[in-house]
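Student: I've got a two-part model open and don't know where to start. Could we go through it together?

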Amino acid sequence: MADRITLQVARYRPEEESAPTFQEYEVPCHKDWVVLDALNHVKDRIDGTLSFRWSCRMGVCGSCGMSVNGEPKLTCATFLTDYAPGPVRVEPLRNFPVIRDLIVDLGDFMRKLVSVKPWLVRKEEKPLAEGEYRQTPDELEAFKPFSMCINCMLCYAACPIYGLDPKFVGPAALALAQRYNLDSRDQGSKERMEALSTHEGVWGCTFVGECTTVCPKNVDPAGAIQRYKLDAALDWVKNVVMPWGGR
Amino acid sequence: MSEMATPHHARWYREPTSTYWWLGRWSYFVFILREVSSVFVAWTVVFLLKLVNSVAHGDGWYQAFLRWSAQPWVVILNIVTLFFVVFHAVTWFNLAPKAMVVTMGGRRVPGALIAGSNYAAWAVISALIAWGLLGG
């Protein structure tokens, strides 16, 4: 195996250029190095001007999502040797505006996330004296897979619908809405349904399925959205068949 | 687009989406094929309505319909339609386990069983229709 590998890194310096260019860096190709290690090597030893986000280096924080050879990846979990002999093309996540080099603007997602109310909604909180809201293991298991989302945005980068229609709420926000809908302590599913059973919400999804494929935490946003569609359709039928039934 | 970015950040770069984005990845291509299949599903409905209409108008109309259906372009169109309608049905059945979470005895029914029961129902209903049509 070659002991060095070439990185082709997208550079975008808004004060100097109007569109991204590529810059090549030759870095060591150690078998235990991930793409993020190589980028840090560039930053520390070769070119201190390269900008990218990272934090935990262990697939928990969701900061280091980038496009590696065209695929959305967590660069802390993507080994260089899998791309030997190279080159390895590193670009910012697709479908997001690029601020600088490999850093994208996540403001759109942050606003959409708030719109789905990703917190426990209670009509009335029970008094503290009555103790905590208890759950069975099955009730926990119902929402736990969706709670594993780390907001890494790989699903948005893989979703062509989000690329074509930026108003689409998108996979992670919809999966997180479902995480709270399925929580036995939550009472906010009706409120969320009104916000999400819309063209920009679940009905915008045409089930490409790539969000689930690229998810590093096996969250299955595509499944969450399809379940949401079924719930929304059943809700609509109930309202038509039993308009007096109360929502 | 101004809604997309954080306010006051004006100099970001946004890559334009290519017209041919759906050729960039196999799963995108399959997705577009599935979307296109809806056109052929619609054609199946039109073809069946024409058949029912001709049967309702008597033998003359029905024979004319058969002659029209035997034209090479109609036969080719129907062969292509068959491919797309089967593709549409298969992708629809494969979607079922994603949308339906069925639990039995406190355990989630495996997706393969949900999809499998859809395929089984498809086979049984098709067999019943074939039996009825062939005068069984």
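Here is our chat about the chains, their contacts and a few details of the backbone.

Student: Before we dig in, what kind of model is this?

Tutor: Good thing to settle early. Everything we say here rests on a model that is predicted.

Student: OK, chain B. In what order do its helices and strands run from the N terminus?

Tutor: Chain B has 4 helices and 2 strands. Read from the N terminus on, the order of those elements is α-α-α-β-β-α.

Student: Is chain B a compact globule or more spread out, and what is its radius of gyration?

Tutor: Start with the extent: the C-alpha trace of chain B spans about 75 × 50 × 25 Å along its principal axes. Next, the globule rule gives 14 Å for 136 residues, and chain B is well over that, so it is more spread out than a compact globule. The radius of gyration of chain B is 23 Å.

Student: How are H3(B) and H4(B) oriented to each other?

Tutor: Two packed helices are described by the angle between their axes and the distance between the axes. For helix H3 (residues 72–99) of chain B and helix H4 (residues 111–133) of chain B, the axes come within 7 Å and cross at roughly 140°. Angles over 145 degrees would count as roughly antiparallel, and 65 to 115 as roughly perpendicular. H3(B) and H4(B) fit neither label, so the word for them is oblique.

Student: And which hand does the crossing of H3(B) and H4(B) have?

Tutor: Look at where the two axes cross, at roughly 140°. The crossing of H3(B) and H4(B) is right-handed.

Student: Which classes of residue make up the contact of H3(B) with H4(B)?

Tutor: On the H3(B) side you'll find Ala89(B), Phe93(B), Asn94(B), Ala96(B) and Pro97(B). They meet Gly111(B), Ile114(B), Ala115(B), Asn118(B), Tyr119(B) and Trp122(B) in H4(B). Sorted by class, the residues of this contact are 8 nonpolar, 3 polar and no charged.

Student: Now the two chains together. Which element gives the most to the side of chain A that touches chain B?

Tutor: The contact takes 28 residues from chain A and 21 residues from chain B. Elements giving two or more residues on the chain A side include strand S6 (98–100), helix H2 (107–115) and helix H9 (221–241) of chain A. By class, that side has 14 nonpolar, 7 polar and 7 charged residues. The element that gives the most, with 6 residues, is H9(A).

Student: Chain A has domains, right? How far apart are the C-alpha centres of domain 1 and domain 2 of chain A?

Tutor: Chain A is divided into domain 1 (4–104) and domain 2 (107–241). The two do touch: 12 residues of domain 1 of chain A are in contact with 12 residues of domain 2 of chain A. Between their C-alpha centres, the distance is 30 Å.

Student: Which peptide bond of chain A is cis with omega near 0°?

Tutor: Two prolines are worth a look, since Pro85(A) lies in the loop between S4 and strand S5 (88–91) of chain A, and Pro87(A) is found in the loop between S4 and S5 of chain A. The bond from Ala84(A) to Pro85(A) is cis, with omega near 5°. The cis bond with omega near 0° runs from Gly86(A) to Pro87(A).

Student: Last one: what is the phi of Asp101(A)?

Tutor: Find Asp101(A) in the loop between S6 and strand S7 (103–104) of chain A. Asp101(A) is not a glycine, yet its phi is positive, at about 45°.

Key: Residues are numbered from 1 along each chain as its sequence is written. Chains are lettered from A and ligands numbered from 1 in the order in which they are written. This is a predicted model: local features need pLDDT of at least 70, side-chain atom pairs count only at pLDDT 80 or more; totals for chains, interfaces and linings use all residues. Axes are lines fitted to C-alpha atoms, for helices over the stretch in contact, and angles run from 0 to 180 degrees between N-to-C directions. Angles under 35 degrees count as roughly parallel, over 145 as roughly antiparallel, 65 to 115 as roughly perpendicular and the rest as oblique. A crossing is left-handed if the near helix is turned anticlockwise from the far one by less than a right angle, and right-handed if clockwise. Two residues are in contact if their C-beta atoms, placed from the backbone, lie within 7 Å. Ala, Val, Leu, Ile, Met, Phe, Trp, Tyr, Cys and Pro count as nonpolar, Asp, Glu, Lys and Arg as charged, and the others, Gly among them, as polar. Domain bounds come from an automatic or database domain assignment. The radius of gyration is taken over C-alpha atoms; the globule rule is 2.2 Å times the number of residues to the power 0.38.
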